[in-house]
Amino acid sequence: MSALHRCSAVFALVTLAAMQAPALAAPPATSITTTGCEEHELSGAYPAEAFKKLLPPGFKLATLDPTGLIALIDMSVDHCDSVDGGPGSEDFTAFVEVTPPAQYMASNITAYGLMLRLWSNRQQTVDTVAAWGFGQQTALAEVVFKPGLDLLGRKVSTATVQSGTHKLIASTLYTAKKSIYPTGTTRGFALDAFGALHIIDATWTDQTFQAGVGTFIQLGQQPLPLPLLPLQVYPVLAGDATNYGLTLHSVQ
């Protein structure tokens, strides 16, 4: 066989092997970028004891009181018109505020949280965040948001989030004047099933913001870790942010 024919035969074998070999899975995206977003934030207090066993080594809860009994929780319901240039999504996140060890802090980070849940109606968001190490916190969910006005013309909203048997119903009333909330970044942490620490940074653009008050009812064991009394209403501070974009970025 001539050298040319041998090269042709080798090339044919390599091509055949490549065709028969299973395609390698594409690496997960390192970021998720959303545009045209509106967020309804709920901030409140919760017994700190519920979160202590969830803390990674070296982390502390950012508590409201000097005795360390009351933890700060932040939950948000978000709608974005577009995700990574495609169709939009509805998402829900829940965090408890923490103080991480110094090596995980940065001057541009405005707040730190241990992620309790990230629920989305977009499968690709669930898969991507799970690939970043947040699989225990992430799941598909149904998110329904209903904005409106009360009899005095004030902005109100009702949001219902359900993932499996877990459900949260939030109602909000916005009474403060609108203002501009500047761009910023928060950092979220989670431990995976093997005890490894993972980090996501969330950076938002300038947004129109309006403060108010609200309540929520939790049915089931999530998103907050302790069972709450059935149909008990919990008060929260509320915030409505509009006209902004958000980027989630995998750090570790």
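This report describes the nonpolar cores, aromatic pairs, charged side chains and one buried tryptophan of a predicted model.

**Nonpolar cores**

The largest nonpolar core comprises 37 residues. Within this core, the residues with the most contacts are Phe51, Met75, Phe92, Val96, Val98, Phe189 and Phe216. At least two core residues come from each of the strands β1 (31-47), β3 (70-83), β4 (86-99), β5 (109-120), β8 (155-163), β9 (166-174), β12 (197-204) and β14 (234-250). Strand β5 gives the most, with five residues. Separate from this core is a second one of twelve residues, including Ile32, Val83, Leu118 and Ile200.

Phe189 illustrates how the largest core is assembled. When residues up to four places away in sequence are not counted, Phe189 touches Phe59, Val98, Pro100, Tyr104, Tyr112, Gly113, Leu114, Met115, Phe134, Leu197, His198 and Ile199.

**Aromatic pairs**

The count of aromatic pairs comes to nine. One of them joins Tyr181 and Phe209 in a tilted arrangement, with 5.8 Å centre to centre and 40° between the planes. This pair links distant parts of the chain, since Tyr181 belongs to strand β10 (residues 179-181) and Phe209 to strand β13 (residues 207-219), 28 residues apart. Tyr181 counts as partly exposed because its relative accessibility is 40%. Ring pairs also connect Phe59, Tyr104, Tyr112 and Phe189 into a cluster; Phe59, Tyr104 and Tyr112 are likewise among the residues that Phe189 touches.

**Trp119**

Trp119 lies in strand β5. Its relative accessibility is 1%, and Trp119 therefore counts as buried. Leaving aside neighbours within four places in sequence, Trp119 is in contact with Glu90, Asp91, Phe92, Gln137, Ala139, Ala141, Val161, Ser163, His166, Gln222 and Pro223. One of these residues, Gln137, is 18 residues from Trp119 in sequence and 8.0 Å from Trp119 in space, C-alpha to C-alpha.

**Salt bridges**

Side chains of opposite charge can pair when their charged atoms come close. A search of the whole structure finds five salt bridges, among them the three listed here.

| Salt bridge | Closest N to O distance |
|---|---|
| Glu49 and Lys52 | 3.4 Å |
| Arg154 and Asp150 | 2.8 Å |
| Asp240 and Lys155 | 2.8 Å |

The salt bridge between Asp240 and Lys155 links distant parts of the chain, with Asp240 in strand β14 and Lys155 in strand β8, 85 residues apart. Salt bridges that share partners join Glu38, Lys155 and Asp240 into one network. Asp240 counts as buried because its relative accessibility is 3%.

The other listed residues vary in accessibility. Glu49 is exposed because its relative accessible area is 58%, whereas Lys52, at 42%, counts as partly exposed. Arg154 and Asp150 are both partly exposed, with relative accessible areas of 32% and 21%, respectively.

**Asp65**

Asp65 is found in the loop between β2 (60-61) and β3. Asp65 is buried yet has no salt bridge. The nearest side chain of opposite charge is Lys52, 9.3 Å away, and Lys52 itself forms a salt bridge with Glu49. The side chain of Asp65 instead has backbone partners: a polar atom of this side chain lies 3.1 Å from the backbone nitrogen of Leu69, and the side chain reaches the backbone nitrogen of Ile70 at 2.9 Å.

Note on methods. Residues numbered from 1 in each chain as written. Predicted model: local features only at pLDDT ≥ 70, side-chain atom pairs only at ≥ 80, totals over all residues. Heavy atoms only, no water. Core = buried A, V, L, I, M, F, W, Y, C linked by side-chain atoms within 4.5 Å. Buried < 20%, exposed > 50% of the residue type's maximum accessible area, 1.4 Å probe, protein only. Helix = DSSP H or I, 4+ residues; strand = E, 2+ residues; numbered from the N terminus. Contact = heavy atoms within 4.5 Å. Phe/Tyr/Trp six-rings, centres within 6.5 Å; stacked < 30°, edge-to-face > 60°. Lys, Arg positive; Asp, Glu negative; His and termini not counted. Salt bridge = Lys/Arg side-chain N within 4 Å of Asp/Glu carboxyl O. Polar contact = N/O pair within 3.5 Å; in protein donor to acceptor, adjacent residues only side chain to side chain.
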